[in-house]
Amino acid sequence: MRGSLKLFTWFGIPVHLHWSFGLIFLYALWIGYANNLDMAGTIWLMGFFMALFGCVLLHEYGHALTARRYGVQTQDIILTPIGGIARLERMPEKPVQEFLVAIAGPMVNVVLAIALFFLGKLLFQGDRWTLFSWILEQNLTFGDSSGEEATDILDESGIPSSGLLFYLPVLVVTNIALVVFNLIPAFPMDGGRIFRALLAMRLGRVRATQIASWLGQGIALLFIVFGLWQGAITLALIGLFVFSTARSENSMVRLDALLRGYKARDLLRPNFTRLAANDWMQTPITLVQQGLERHFLVFDLDDRLVGYLPEAQIIAAMKKRDLSAEISQYMRPDVKVVHQEQSLEYVYHLLQQQGQSVLAVADQGELVGVIDQLGLQNFLRMRASN
Ligand SMILES: [Zn+2]
């Protein structure tokens, strides 16, 4: 991915650090400065941020390794200041599998919270354990717990502001916060995916995605408004991200369902102009100016298909006033022939992703029509609107 640094590969999945991650370190330095922390305090703070993102990374591995069980590979994991993203090739389509993949991330943080809690219990005894519990409680209740016993100890030793005794309970609470936050049903956050999977069991994937996406966009707007109002920029940024992803995932799922329902024969155009390779460019230029056709198939003297002429090439010839050049000089030879029973998914792949502007459609060795980009777009627009 652009603008990111590859850290390492673990379980066969490359882990990337987004450039903006550098902001975290600047942020840590700034907090250290603003709170008059000494060198050791600032290093502890940075260590805490590293540990925090270690927890986020393990969360993403929870998703990635569960997905792998269902045959879905993960392209990479990217760490950004607003969280991690495991870029799965695709989401497993069985709702139960999507449910498990989505919930695996937060489950990792549940396990981490419990493990870190017991690590604390193991490391600290007596007064130090009382302090540990007190700091944990303070963080869980936003500083509202009384804990008289702890205050007595604190009067003697002062509140620890760094070191493991301070950061370990904070890390426990952070993991709990990660669980709670990720379970908010704002699709495509984990909670939203869980929600979609549950809905999909009853309503089907398309309808479920639509509902989950609406709810996701609604919650995302609340994140943005609340984030801007309270000055919680991270929350506002997450809101923006959730909002745009919810929209695009919804249209992707709709498109997928649409493509699956049709074949090449459903949108082929049986009437098309056959260009001869040795004809002049004047002919396609005139045809394009007349309007209807934009991309053409090209044949040789024996009426064999030898290439195609995309609109871009015709315009190039027009600009150079190269009217008397042979079509063979401008045509592209890599023309693709698809069978009329071929799925629309495949046709879409060739036209949109591989940039073929026109395809020949055949049945039993005979050309029966063409499909071009314009025709595909019109077809999708018509079908999507009803
Ligand atoms: Zn997650």
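What is the site of the zinc ion like, judged by the angles among its four donor atoms? In this predicted model, the site is irregular, with angles of 55 to 147°. The views below start there and then move on to the salt bridges.

**View 1. Here the zinc ion sits among its donors H59, H63 and D190.** Each histidine coordinates through NE2, while D190 appears twice in the donor list through OD atoms, and the distances run from 2.0 to 2.6 Å. For the label irregular, it helps to recall that four donors count as tetrahedral if all angles lie between 85 and 135 degrees, whereas the angles at this zinc ion span 55 to 147°. For comparison, the ideal angle for four tetrahedral donors is 109.5 degrees.

**View 2. This close-up follows the zinc donors back to their helices, α2 and α7.** Along the sequence, the donor residues follow the spacing H-x3-H-x126-D. H59 belongs to helix α2 (residues 39-69) and D190 to helix α7 (residues 190-203), so this pair ties together parts that are 131 residues apart in sequence. H59 counts as buried because its relative accessibility is 4%. D190 is buried too, at a relative accessible area of 10%.

**View 3. E249 and R193 meet in a salt bridge through their side chains.** The N to O distance is 2.7 Å. This pair links distant parts of the chain, with E249 in helix α9 (residues 233-260) and R193 in helix α7, 56 residues apart. Both E249 and R193 are buried. Widen the frame and you find a network of salt bridges that links E98, R193, R196 and E249.

**View 4. Next comes the salt bridge between the side chains of R294 and E311.** Its N to O distance is 3.2 Å. R294 lies in the loop between α10 (282-290) and β6 (296-299), and E311 in helix α11 (residues 311-319), so the pair ties together parts 17 residues apart in sequence. R294 is partly exposed, with a relative accessible area of 23%. E311 is also partly exposed, at 22% relative accessibility.

**View 5. The last close-up shows D334 and R332, whose side chains meet in a salt bridge.** Here the N to O distance is 3.4 Å. D334 counts as partly exposed because its relative accessible area is 33%, and R332 is partly exposed at 36%. If you would like to explore further, the count of salt bridges in the model comes to 15.

Definitions and conventions:
Residues numbered from 1 in each chain as written. Predicted model: local features only at pLDDT ≥ 70, side-chain atom pairs only at ≥ 80, totals over all residues. Heavy atoms only, no water. Donors = N, O, S within 2.8 Å, 3.2 Å for Na, K, Ca; no water. Tetrahedral: all angles 85-135°; square planar, octahedral: opposite > 155°, others 65-115°. Helix = DSSP H or I, 4+ residues; strand = E, 2+ residues; numbered from the N terminus. Buried < 20%, exposed > 50% of the residue type's maximum accessible area, 1.4 Å probe, protein only. Salt bridge = Lys/Arg side-chain N within 4 Å of Asp/Glu carboxyl O.
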